[in-house]
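Visitor: Got a minute to walk me through this one?

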Amino acid sequence: MESNAEQILELKSIYYAYHNMEGETVALTDISFAMKEGEFVAIVGPSGCGKSTLLSLISGLLEPEKGLIKINGKYLKESTTNIGYMLQHDQLFEWRTIYHNVILGLEIQHMLTTKTKAKAHELLDTYGLKQFENARPSELSGGMRQRAALVRTLVLEPDILLLDEPFSALDYQTRLRVGDDIGQIIKKEHKTAILVTHDLSEAVSLADRVIILTPRPASIQQTLPLIFHLEEDTPLNRRNTPEFKNYFNLIWKEINGNE
Ligand code: ADP
């Protein structure tokens, strides 16, 4: 795989194992893929195969034992690219208002300026949280909390968004609505995003491309570009197409053929 200026992210032959008293657990072997700016990739695979480990490597929390990760053509360690990480639980602090939760990352990174504060207010307004700026997290619905968590991530202007099962703590109805809602926000902001999920319909409704991983140690079993012939390509519209069902069944068979 050649380095390419258009590629915002490049992974080449990644290998990672956890080491502990009992020995080693190989989590990932030979993972290579690249992403273009603005692309939305979903990563699916059997539970425990190594999906979260892969995100931890891309975020720099873990270091690969073999292989390389490049962001905007630079090795991860030398890269100044901002990476945003959104997890299953929204991690909002009850003792802070929604606004003060949203600016927490800015505070920690010493980036709190008139300009970034204005950006926080603007994003809260755009995404329907203006009247909740002074509310506490417990006063918001699950979906609104997840929006607030996304705004907190977006205000740091990440170039790459990593989403690790961000909707799985929500009940089914809410998760459907919030997943679609957050997916649209990410598209509107033209963010490059990687979503790890065990919910295949979530992956098919949101992504441009789905990467299917094998059981642990994970390697790439298949990469599936998703093409929908829609005038308005939204997650909800996708769910009503025949392609949706076909992609869902294809991915389901790929994963379950392995188990
Ligand atoms: P997934 O996100 O696909 O469910 P993970 O990336 O969380 O999978 O984990 C991959 C494998 O690595 C699992 O078998 C898990 O038990 C193992 N694992 C994860 N974290 C650790 C750790 N800190 N120490 C040892 N093994 C781990």
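Guide: Sure, we'll go through the core, one helix and the sheet.

Guide: It's a predicted model, so to speak by its record: local features need pLDDT of at least 70, side-chain atom pairs count only at pLDDT 80 or more, and totals for chains, interfaces and linings use all residues. Residues are numbered from 1 along each chain as its sequence is written, and side-chain values use heavy atoms, with hydrogens and water left out.

Visitor: How many residues has the largest nonpolar core?
Guide: That core has 48 residues, with F40, V44, L150, I186, V210 and I251 making the most contacts inside it. A nonpolar core here is a set of buried Ala, Val, Leu, Ile, Met, Phe, Trp, Tyr and Cys residues joined through side-chain atoms within 4.5 Å; buried means under 20% relative accessible area with a 1.4 Å probe, protein chains only.

Visitor: What does I186 touch?
Guide: Leaving out residues up to four places away in sequence, I186 touches F40, L150, L161, L163, K191 and A193, where contact means heavy atoms within 4.5 Å.

Visitor: Which residues of α6 are buried?
Guide: Among them are T174, R175, V178, D180 and I186. Helices are DSSP runs of H or I, at least four residues, and strands are runs of E, at least two, numbered from the N terminus.

Visitor: Switching to the sheet, what's the strand order?
Guide: β2-β1-β4-β5, open and antiparallel. Strands pair if DSSP finds at least two bridges between them.

Visitor: And how many bridges join β1 to β4?
Guide: Five, and L11 has I69 as its bridge partner in β4.

Conventions:
Buried means under 20% relative accessible area, exposed over 50%, partly exposed in between (1.4 Å probe, protein chains only).
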